[in-house]
Amino acid sequence: MQKIDNGLFPFYRFENLSVFGEIVHFVASGEKNIGFTEGTDYEMIRDNRMDLGKAVGFEVSRMVCAHQIHSDHITVVKAEDWGKGALDKESRLPDTDGMITDVPGVCLLVLSADCVPVLLYDPVKRVIGAIHAGWRGTVAGIAGKAVAGMRENYGCCPADIIAGIGPSIGRCCFEVGPEVADVFRKKFGNMPELVTASEVPDKFFVDLWMANFHVLTHAGVSARHIEISGLCTRCRPDEFFSYRYAGKQAGRFGAGIVLCEK
Ligand SMILES: [Zn+2]
């Protein structure tokens with residue numbers, strides 16, 4: 001990833017998605033909170049989102065956010081969804097962790113504090129996607145469901161899709177108990193690098209980046225079309241928001257993508 005800091009609101013971009021001039025995309029840094037989290041001043045969050053829109057170059061009024069519930073639900077975003085969840089919490093799309101659209105001008109934004117944000121773009125059919133993959137969503141294969149949704153709704157060929165797996169808690173810090181480790185082993189089978197033993201008895205480290213990479217390639221996305229940011233949110237609380245680091249106080253960073261109007 002490449003960091004861009006123009007003084008207003010630093011953000012990151014994937015190298016592989018930056019090639020395409022007809023889309024705008026970003027991973028917001030943790031310099032400012034963009035989630036309407038408990039106890040925050042919503043006016044400040046709105047200002048922060050406006051700063052992000054200015055820094056990156058997209059219309060916040062056309063942003064779409066969802067009420068993320070760690071599910072594998074994908075919503076097909078239509079033009080009439082413009083602005084849902086952009087400036088308040090109440091109007092968010094209900095119960096959704098993945099959004100796909102072919103509507104130009106709409107910014108699909110997913111929020112995160114350790115969970116894996118994934119961005120998708122099909123340059124052939126001009127379709128975009130944004131996914132919030134927590135560990136439950138990862139196991140449920142939400143990234144693959146978004147790819148399937150792009151295929152079914154827009155005729156996308158998975159092999160054409162470019163994907164970015166964003167900053168999230170890395171294997172270095174995602175320590176889990178035996179129950180969660182077992183869920184990953186059952187879902188992904190014999191991938192020795194995916195679940196590794198911790199020095200702490202009965203604790204394991206899980207690699208969510210590898211899991212989502214596997215989910216995407218299994219759905220037909222070419223391995224060479226996938227970029228993994230490799231940035232761990234728990235290791236870099238100065239740069240992102242981390243729930244494991246800050247607990248309930250944690251703000252939210254996010255990843256977004258917009259198809260530019262022709
Ligand atoms: Zn880490």
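The buried residues of α4 (142-154) are covered by several elements, including β5 (74-76), β6 (98-101), β8, β9, α3 (135-139) and α6. Covering here goes by contact, that is, heavy atoms within 4.5 Å. Helices and strands are DSSP runs numbered from the N terminus, with at least four residues (H or I) for a helix and at least two (E) for a strand. This is a predicted model, in which local features need pLDDT of at least 70 and side-chain atom pairs count only at pLDDT 80 or more, while totals for chains, interfaces and linings use all residues. Residues are numbered from 1 along each chain as its sequence is written, and side-chain values use heavy atoms, with hydrogens and water left out.

So who is tucked away in α4? The buried residues are I142, A143, G144, A146, V147, A148, G149, M150 and Y154; buried means under 20% relative accessible area with a 1.4 Å probe, protein chains only, against over 50% for exposed and in between for partly exposed. The helix length checks out too: at 1.5 Å a residue (times one less than the number of residues), its 13 residues should span 18 Å, and the end C-alpha atoms are indeed 18 Å apart. Right after α4 comes G155, with a positive phi near 70°.

Next, the cores. A nonpolar core is a set of buried Ala, Val, Leu, Ile, Met, Phe, Trp, Tyr and Cys residues joined through side-chain atoms within 4.5 Å. The largest one has 39 residues, and L120, I131, F184 and L216 touch the most other members. Of the elements that feed this core, α4 gives the most, with six residues. Leaving aside residues up to four places away in sequence, F184 touches W135, T138, V139, G189, L194, V195, V206, L208 and A211. A second, separate core holds 29 residues, among them V77, A113, F253 and L259.

Then there is the metal. Four sulfur atoms, the SG of C172, C173, C232 and C235, coordinate the zinc ion at 2.2 to 2.3 Å; donors are N, O and S atoms within 2.8 Å of the metal (3.2 Å for Na, K and Ca), and sites may look incomplete because water is not among the atoms. The angles among the four donor atoms run from 103 to 118°, making the site tetrahedral, a label that asks for all angles between 85 and 135 degrees. C173 sits in the loop between β10 (162-165) and β11 (175-176), and C232 in the loop between β14 (226-228) and α7 (243-246), so this pair ties together parts 59 residues apart in sequence. Both C173 and C232 are buried.

Conventions
Tetrahedral: all angles 85-135°; square planar, octahedral: opposite > 155°, others 65-115°.
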